[in-house]
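Dear colleague,

I am passing on the structure we spoke about, and below it you will find a summary of what came out of the analysis. Please read the notes with the model open beside them.

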Amino acid sequence: MAFCKFSSEYVSKTYTIVDNIFFTRYLPSTPPKVATIYLYGLYLCNNNAQDLNGATLSTFASSLGYTEEEVLDAFRYWEEQGLVRIVNTNPLEIQYLPIRGVNLSNKKYSKDKYYEFNIQAQNILSGRQITPNEYEEYYALMEGFSLPDGRKFSPEALLMIIRYCAEFKGNNIGYRYILTVAQNWAKEGVISTENIEKKLSDYYDANKTILKILSTLGSNKKSSIDEHEMYMRWVQDYGFTDDCILYVAGTIKKGGFERLDKILRSYYEMHLFSEKEIKEYETNKEQLYTLTRNINKLIGVYYDDVDNEIQTYITPWLNKGYSGECLLAISNYCYLKDKRTLSTLNDFINKLYNQGIVSLDAFKQYLGNQDKLDNEIRNILDNIGLKRNVNAQDRDLYRRWVVAWNMPSDVIKYAGSLSADKTAPIAYMSKILSTWHNQNIHTLAQAKEYAIKDTTTAKKNNVLKQQEYTDEDFDSIFDAFKEIEI
């Protein structure tokens, strides 16, 4: 037992340092189980946990839920990588070596195992000499990387990827690029020769179209891997057809594939997927810009560049079925109602759309209903002695009386007649209607009968008094139904 050692409390509050090289060089191609065993062993080393816990191969394996053989295999793997040394197997004794001192060319890979691979890889990459370090990276990928189902890269599969990269990038391509492609494909599950053949077949078929696109763009160069990735995104993710892509490419004067990618992405975001839709959009584009600027003028905003506005607001509104004439009418109405931003205009259009109000006629009928409603409210205000314009709070409150409390217009007018001489007639009127609603009174006869009884009772008990209403009283009344706009 050690003369001096850390307490368990001290150990629990310290850290295990892992060199970043482990994450950049080893972790991407290491099976998760094998990486876990290395890190747990490093933790034991850093915290002197052998003395604390009397760690053995059995307790080590049990702590992680692995078998002893799995732990041994993992340490053999790390010994081949040059990161540990197996000093003894019975009892097991492992020495962790400095990770920055590892010479990749000294890893223990069989020289004969990859003889044919080495020859073929060098023949493919004939534009430069493959170094021992590069070979070791390829070996580490083939032996260290595996999918959860146990599948690994075979030499034949990796050679196919090397050949593919060389065809697009040249026979002097750097090995880091090759390893990146291999690892990205492995993440997609493309690791066997059959999977790679299928992926390459798709790439080669696509290459015919990509060359046509390049020619349409005025380029006679070979296609690149990046251009393949863009093309596959246009077809698989965006849903464009080859004919549509070629049509758009024909409209581009400069900028190449990158410009085409930007334009197709903007069409995708505007839900324009076919050649016909795009042609119509481009034909009407000037009209669209004019409409957008007129809408901005009506609501009182200005943008020098309206492309983003067209994409975010105008095109979606048109796709909902709104005509330019209707959008202008709605914009003018919103300005008058103090809804003077694109965001509030958009919210109002969405409310109209949810009510099925899309055409100009439907919107005019909506405005007519608004005018009729305002006239009804204005009559109530006149009858109770308030000479002012109808506001949004009036509409909210009236909607509450009519829709939520189901009060007929004659009952509402009668309540107004009882409130005309009060200090706060609207609040008093709402209180009367609330009482009638709670008493299930919904006819004029019932209301008059209740009012007579209530007046008599009030006189006897001196309960009913003229009341001064505060701002808080008004707020509590008007808070209801704020989300509904009349």
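Leaving aside residues up to four places away in sequence, L260 touches I213, L217, W234, I245, V248, A249 and I252. Please keep in mind that this is a predicted model. L260 also belongs to the largest nonpolar core, which has 52 residues, and within that core the members that touch the most others are I213, W234, L260, Y267, W317, I330 and F363. Apart from this set there is a second, separate core of 38 residues, among them L159, C165, F168 and V190.

For the protein as a whole, the secondary structure amounts to 25 helices and two strands, and 39% of the 486 residues count as buried. When contacts between residues at least 6 apart in sequence are considered, 62% of them join residues at least 24 apart. The exposed surface of the protein comes to about 27,400 Å², of which carbon and sulfur atoms supply 49%.

One position that I looked at separately is G324, which lies in helix α18, a helix covering residues 324–336. Is G324 buried or partly exposed? Its relative accessible area is 23%, and because burial requires a value under 20%, G324 counts as partly exposed. Not counting residues up to four places away in sequence, G324 touches L291 and L318, while the C-alpha atoms of G324 and I314, two residues that are ten apart in sequence, are separated by 9.3 Å in space.

With best regards

Conventions: Residues are numbered from 1 along each chain as its sequence is written. This is a predicted model: local features need pLDDT of at least 70, side-chain atom pairs count only at pLDDT 80 or more; totals for chains, interfaces and linings use all residues. Side-chain values use heavy atoms; hydrogens and water are left out. Helices (H or I, at least four residues) and strands (E, at least two) are DSSP runs, numbered from the N terminus. Buried means under 20% relative accessible area, exposed over 50%, partly exposed in between (1.4 Å probe, protein chains only). Contact means heavy atoms within 4.5 Å. Accessible areas come from the Shrake-Rupley method with a 1.4 Å probe; for residues, only the protein chains shown count as cover. A nonpolar core is a set of buried Ala, Val, Leu, Ile, Met, Phe, Trp, Tyr and Cys residues joined through side-chain atoms within 4.5 Å.
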